[in-house]
Amino acid sequence: MENKRNKLIMTIRLLSVGCLLAGFAYGCSDSGPEPMVDPTPPVVIRQIPNGGFEEGFQGWTIAGDNDAVKVVTGGCEGASALLCESAAPCQVSVSQTVEGLEDGLYDLEFYYKNSGGQTASYVAVGTTTDSRKMTSLQASAYTWTRSYVRGIQVAGGKCTVSIQYESEREAWSRLDRLNLIQTEKEFNLLKGGDISQLSYIEKMGGKFYENGQEKDCIEILKDNGWNIVRLRLYNDPGNADHSPSNRLPKGVQDAEDVLKLAKRAKQAGMQIQLTFHYSDYWTNPGTQYKPHAWEGLNYDNLKKALYDFTFDFMNRMKAQGTTPEFVSVGNETNAGLLFPDANYEHYDRAAELFSTGYDAVKAVSPDTKVIIHLSNCGDKSLYSYFFGEMAKFGAKYDIIGTSYYPFWTGKTAGEMREWANYIAQKFDKDILIMETGYNWNPTLPSGYPGQLSDNGPYNSIYSSSPLGQKNFMLELFNEMKKVNDGRVLGCLYWDPVFIEVPGVGWELGAENLVSNTTLFDFSGNRLEVLDTFKYNN
């Protein structure tokens, strides 16, 4: 019996490799280039009975609108595939319980084609409803696309595989070649965004709606799958006596505001990513102004000020029960931080300051993961040089943070994946996408372009529309899950909640430049892009 089992596993491996090598012959190929990586040990694949639908629906159970599903010719690997399709609103599921499994962690690999445009089209796997993992299908037109459901915990020797399809418009999905792959790595997708502007928006009269009903914004986000928020902290914003402190109103994005938002998020069951800007206002690669209170300090005292500020605020977070799971020491620090003391000419000092922040965080919460965050995701040269310098000078950190915008980077999500495979392997670090964004409308309400003039390489792929935004996020979630060993942990959207409200702009007296990239429309209504967070985990 054991010999037969080993032969079956070997046959499945060979079939799997054969399908990849003969991809063009069968139409079974993954979109996007794969990077050169070191050979890995052979994986153990447990074939799902009739996972290619070669025997029709044998072993599968259909619930819902039965007429919306059928087995058709033209599969990825064999002759057949599952087709979900309807010209009218429909909802259907196709599922089976796979038994005889060893308990432990699995990934599910599958191939699909998808028109896009559905409310939900996803594959879910789990032993229980509460423990199941989901991956939504991106719009892939007529190309067979590989994807994964990662981090499935099998208990009791079985799990249920379910294909869910729901659409209000004419659309279709085709699926084939579902296989379970044993793994040793847990994977819990982080999906959320930056809510630092929320109390400002609410104070100025902004309201949020779902299905026509006004709701608390955080409640809407939680109900649509968010499990993490990002909060950015400035040292002394809104102080009219100092520039650039005076670019925000008093009480916005200061310590008290962040503490209140953190408490709301934690009460909603979300994790927290806290970003220390170490400035009185926004920092980025070219702008790393010191807080006014730290001006004139020599380097040793500057290092002490950074430690004390980090340590003290971490203790305040801990005291109210909102210890952050992730902390970024600085924001988009490509050229260093606290200019000019630790700029790109002094990467030795920058590394020391990153380590100082790391030590302050760990002194309060050893389990909190510390991030060094750069912009320009996809730039191998930048990340190789920067983190090479950090290695040379002994910088302490746990995770590489990156900003990925198609407009700013000119990269597709597939190119992001190829970059992430390279960087994660080179430095043996997990990666978190700290910022991403996409225009759901070509312009602001004023008719002028916003901060993102367009959507970069996606201008010719998806439109600047609510559906285009949704299609982009579906693609991004899929590409993140295809990164080797699940080393991209998730993504944080920016700016999801900064909706159009009279009198509120990126700084006092200025226009809101990101109200056409939010997850809500100009009036605060939930956009369909939130489906991508809801049906991915």
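## Close-up views of a predicted model

**View 1. Strands β2 and β5 run antiparallel and are joined by four bridges.** Here β5 covers residues 90-98, and Thr-61 has Ser-95 of β5 opposite it. Two strands are said to pair if DSSP finds at least two bridges between them. Helices (H or I, at least four residues) and strands (E, at least two) are DSSP runs, numbered from the N terminus. Before you zoom in further, note that this is a predicted model, in which local features need pLDDT of at least 70 and side-chain atom pairs count only at pLDDT 80 or more, while totals for chains, interfaces and linings use all residues. Residues are numbered from 1 along each chain as its sequence is written, and side-chain values use heavy atoms, with hydrogens and water left out.

**View 2. An open sheet holds five strands in the order β2-β5-β10-β7-β8, with antiparallel pairing.** At its edges are β2 (61-64) and β8 (133-136), each of which pairs on one side only. From one strand to the next, the twist averages 20°; angles run from 0 to 180 degrees between N-to-C directions, and axes are lines fitted to C-alpha atoms, for helices over the stretch in contact.

**View 3. A hairpin is made by β3 and β4, with six residues between the strands.** Strands β3 (residues 69-73) and β4 (residues 80-86) pair in the antiparallel sense over five bridges. Look for Val-69, whose bridge partner in β4 is Cys-84, and for Gly-74, which takes a positive phi near 95°.

**View 4. Glu-109 sits in strand β6 (residues 104-114).** Is Glu-109 buried or exposed? With a relative accessible area of 7%, Glu-109 is buried (under 20% relative accessible area; exposed is over 50%, partly exposed in between, with a 1.4 Å probe and protein chains only). The side chains of Glu-109 and Tyr-148 share a polar contact of 3.4 Å. Such a contact is a pair of N or O atoms within 3.5 Å; within protein, one must be able to donate a hydrogen and the other to accept it, and residues adjacent in sequence count only if both atoms are side-chain atoms. Leaving aside residues up to four places away in sequence, Glu-109 touches residues including Arg-146, Arg-177 and Asn-179 (contact means heavy atoms within 4.5 Å).

**View 5. Eight strands close into a barrel in the order β12-β15-β16-β17-β20-β21-β22-β23, with parallel pairing.** Neighbouring strands of this sheet are turned by 25° against each other on average, direction ignored. One parallel pair is β15 (residues 228-233) with β16 (residues 271-276), over six bridges. In that pair, Leu-233 has Phe-276 of β16 opposite it. Helix α8 packs on the sheet, touching β20 and β21, and its direction makes about 130° with that of β20.

**View 6. Helix α8 (residues 380-392) has its end C-alpha atoms 18 Å apart.** That agrees with the 18 Å expected for 13 residues at 1.5 Å a residue, because the expected span is 1.5 Å times one less than the number of residues. Asp-379 caps the N-terminal end of α8, with a side-chain oxygen 3.1 Å from the backbone nitrogen of Ser-381. After α8 comes Gly-394, whose phi is positive, near 75°. Among the buried residues of α8 are Tyr-383, Phe-386 and Met-390.
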